[in-house]
Amino acid sequence: GDTSPAIFAQNTFSFRDVLAKVFTQHALRVGFEFSHFQDNDDEFGGARPDIVFQQPWNFAVGTAIFEAVNVNPTTGGAPNLARAYRNSDYGLFVQDDWKFRPNFTINLGLRWDYFAPPTDANGQLWNIKVPNDPVNGLLNSSVFNPHQMYNSDRHNFGPRLGFAWSPEMFHAKAVVRSGFAIAF
């Protein structure tokens, strides 16, 4: 397969921090996180032919059920499969834990996430542009080199709502908790 043999060189750089402050009945938290990913893989295993036979008879008569090899379409030789993918994730949040009563706490929060579209440090991203042609299908398709794999989305706001309640009849030995959140 494409991943054997291969060279995998992957790095993750992360930083996060949370600030917390208690005001009477409110415990406020504000935080952020940042992660940057580098994926410098070279999957040169695809340059070797991959031939699959279903039964020994298929092998004896040379009728494979699957054949594949990665090649450079301009030269017919082995392709350069080394990639330098990059992407970053960002997150911000604010949260308030409000002790409404001694046995009842309400949790309110909002989180924003941004997942930057992956790019290639060497400009080697490729994608196919498929025409809307039901008759010819992929016949008139074309390959292009995009700057990023997909368009970014900066609208990932996720509210959080929850509570913790300790009914008096349990004498602080049991807690009922519930919560709702939208996560990305």
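**Exercise 1.** In this predicted model, find the residue that forms a salt bridge with R16, and decide which strands the pair links.

*Solution.*
Step 1. R16 pairs with E33 in a salt bridge, and their closest N and O atoms are 3.1 Å apart.
Step 2. R16 sits in strand β1 (residues 10–23), while E33 sits in strand β2 (residues 26–39). The two are 17 residues apart.
Step 3. R16 has 51% relative accessibility, so R16 counts as exposed, the cut-off being over 50%. E33, at 23%, counts as partly exposed.

**Exercise 2.** Work out where R111 lies, whether R111 is buried or exposed, and how R111 meets E33.

*Solution.*
Step 1. R111 belongs to strand β6 and E33 to strand β2, 78 residues apart.
Step 2. The side chains of R111 and E33 meet in a salt bridge of 2.2 Å, N to O.
Step 3. The relative accessibility of R111 is 17%; buried means under 20%, so R111 counts as buried.

**Exercise 3.** Place D113 in the structure and trace its links.

*Solution.*
Step 1. D113 is found in strand β6 (residues 104–115).
Step 2. D113 has a relative accessible area of 6%, so D113 is buried.
Step 3. Its side chain makes a polar contact with the side chain of R111 at 3.0 Å.
Step 4. Leave aside neighbours within four places in sequence: D113 then contacts Y90, G91, N156 and F184.
Step 5. Now join the pieces. A network of salt bridges links R16, E33, R111 and D113.

Notes. Residues are numbered from 1 along each chain as its sequence is written. This is a predicted model: local features need pLDDT of at least 70, side-chain atom pairs count only at pLDDT 80 or more; totals for chains, interfaces and linings use all residues. Side-chain values use heavy atoms; hydrogens and water are left out. Helices (H or I, at least four residues) and strands (E, at least two) are DSSP runs, numbered from the N terminus. Buried means under 20% relative accessible area, exposed over 50%, partly exposed in between (1.4 Å probe, protein chains only). A polar contact is a pair of N or O atoms within 3.5 Å; within protein, one must be able to donate a hydrogen and the other to accept it, and residues adjacent in sequence count only if both atoms are side-chain atoms. Contact means heavy atoms within 4.5 Å. A salt bridge is a side-chain nitrogen of Lys or Arg within 4 Å of a carboxyl oxygen of Asp or Glu.
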